[in-house]
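Please look over the sequence and the 3D structure below. The report that follows goes through its inner spaces, its cysteines and two single residues.

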Amino acid sequence: MTTRPTLPLLRAAHPVPAFAVTMLTVLLAASMGVGTRTTVTLFVAVFSGQLVVGWTNDLVDRERDRRVGRRDKPLATGQISVGLVRSAIGAAGAVCVLTSLLCGPAAGLLHLLAVGAALAYNAGLKSTVFSWLPYSLAFGALPAVVGLARDPAALPPWWMVSVGALLGFAAHLLNVMPDLADDAATGVRGLPHRLAPTTVPPLAALTLVAATVVAVFGSRTPPTAAQWVLLAVVLVLAVAATRTTGKTPFYAAIAIAGVNVVVLLLG
């Protein structure tokens with residue numbers, strides 16, 4: 001194990017998607033008029049929850065990652081210890097529970113349910129035909145968490161939750177695309193693995209565009225000129241999500257989620 005484990009520990013937390021999802025939460029809070037104190041609490045709750053999910057993912061997958069030679073995984077290469085990661089999970093988990101509940105009982109419990117869905121994915125749901133469900137539940141719950149933190153008596157409109165669920169489904173498809181071969185070698189067979197490889201990119205693109213169409217027409221009827229422009233941007237990003245490699249498609253999906261939040265701000 002390295003004598004300076006801070007950076008490897010950070011890498012094991014999947015920091016880019018963790019920060020991206022957290023910033024989406026902040027943008028959602030801004031679009032819904034959430035106060036500064038509650039927004040900061042949401043930021044800490046969501047970010048700490050994402051850290052728990054990222055560390056748990058690498059902890060559960062460390063033997064699989066070793067077998068396929070994943071040099072980008074600090075746990076698999078021995079740069080950090082299992083004990084250190086477990087301690088980090090415990091600390092981040094405590095922060096997540098506390099700050100989630102500070103957002104209010106309804107918002108807090110819903111957020112913890114979303115984190116629990118992600119942990120269920122890590123624990124084995126990723127290897128079933130329902131591998132998409134934790135993503136859809138977690139992304140779909142995010143607008144409701146923010147809305148309930150602002151006003152415990154008011155839920156966001158159905159179309160906003162639907163946009164999140166669609167984005168979560170697409171994000172799952174795009175996130176596993178780079179790892180299909182490694183997953184097959186280690187026995188992971190989620191929904192994308194059961195589809196024809198040529199089917200996954202167009203299905204993801206169609207879902208991303210569908211999410212934005214729902215956002216554009218749900219937030220304002222008729223759409224503004226700026227929203228039509230954003231829809232065109234999403235079409236370009238959807239093509240990029242299906243024509244690029246590595247983690248770029250997943251980041252394109254997160255970017256589309258950000259565009260959808262801007263649609264809400266313009267609505």
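## The largest cavity

How much space lies in the largest cavity? The model is a predicted one, and in it the largest cavity holds about 160 Å³ of space. The lining of this cavity is made up of 14 residues, and those closest to its centre are Leu28, Pro143, Gly164, Leu167 and Val261. Two or more lining residues come from each of helix 2 (15–31), helix 8 (133–150), helix 9 (158–176) and helix 14 (248–266). Helix 9 contributes the most, with five residues. With a cut-off of 30 Å³ or more, the count of cavities is one.

What classes of residue make up the lining of the largest cavity? Twelve are nonpolar and two are polar, while no charged residues are found there. Where does the largest cavity lie with respect to domain 1 and domain 2? Domain 1 (1–156) and domain 2 (190–266) both supply lining residues, so the cavity lies between them.

## The largest pocket

The largest pocket contains about 1200 Å³ of space. It is lined by 48 residues, and the closest to its centre are His14, Pro17, Asn57, Tyr135 and Asn175. Several helices give two or more residues to this lining, among them helix 3 (36–60), helix 4 (62–67), helix 7 (105–123) and helix 10 (180–185). Helix 2, helix 8, helix 9 and helix 14 also give two or more residues to the pocket lining, and these four helices do so for the largest cavity as well.

By class, the pocket lining has 24 nonpolar, eleven polar and 13 charged residues. The lining of the largest cavity, in contrast, has no charged residues. The pocket lies between domain 1 (1–156) and domain 2 (190–266), because both domains give residues to its lining.

## The cysteines

How many disulfides are counted in the model? The count is zero. A disulfide requires two cysteine sulfur atoms within 2.5 Å. For cysteine 96, the closest cysteine sulfur is that of cysteine 103, at 9.6 Å, which is too far for a bond. Seen from the other side, the sulfur of cysteine 103 has its closest cysteine sulfur in cysteine 96, again at 9.6 Å and too far for a bond.

Are these cysteines buried or exposed? Buried means under 20% relative accessible area. Cysteine 96 has 3% relative accessibility, so it counts as buried. Cysteine 103 has 8% relative accessibility and therefore also counts as buried.

## Histidine 14

Histidine 14 is in the loop between helix 1 (6–12) and helix 2. Its phi is near 55 degrees, a positive value in a residue other than glycine. Histidine 14 counts as partly exposed because its relative accessibility is 26%. This histidine is also one of the residues closest to the centre of the largest pocket.

## Aspartate 182

Aspartate 182 is part of helix 10, one of the elements that give two or more residues to the lining of the largest pocket. Its relative accessibility is 25%, so aspartate 182 counts as partly exposed.

Which residues is aspartate 182 in contact with, leaving aside its neighbours within four places in sequence? The contacts are with Val68 and Arg70. Alanine 170 is twelve residues from aspartate 182 along the chain, and the C-alpha atoms of the two are separated by 20 Å.

Notes
Residues numbered from 1 in each chain as written. Predicted model: local features only at pLDDT ≥ 70, side-chain atom pairs only at ≥ 80, totals over all residues. Heavy atoms only, no water. 1 Å grid on protein atoms, 1.4 Å probe; cavity = no way out; pocket = protein on both sides within 12 Å on 5 of 7 lines; lining within 4 Å. Points joined across faces, edges and corners; volume = space filled by probe spheres on them. Nonpolar A, V, L, I, M, F, W, Y, C, P; charged D, E, K, R; others polar. Domains from an automatic or database assignment. Buried < 20%, exposed > 50% of the residue type's maximum accessible area, 1.4 Å probe, protein only. Contact = heavy atoms within 4.5 Å.
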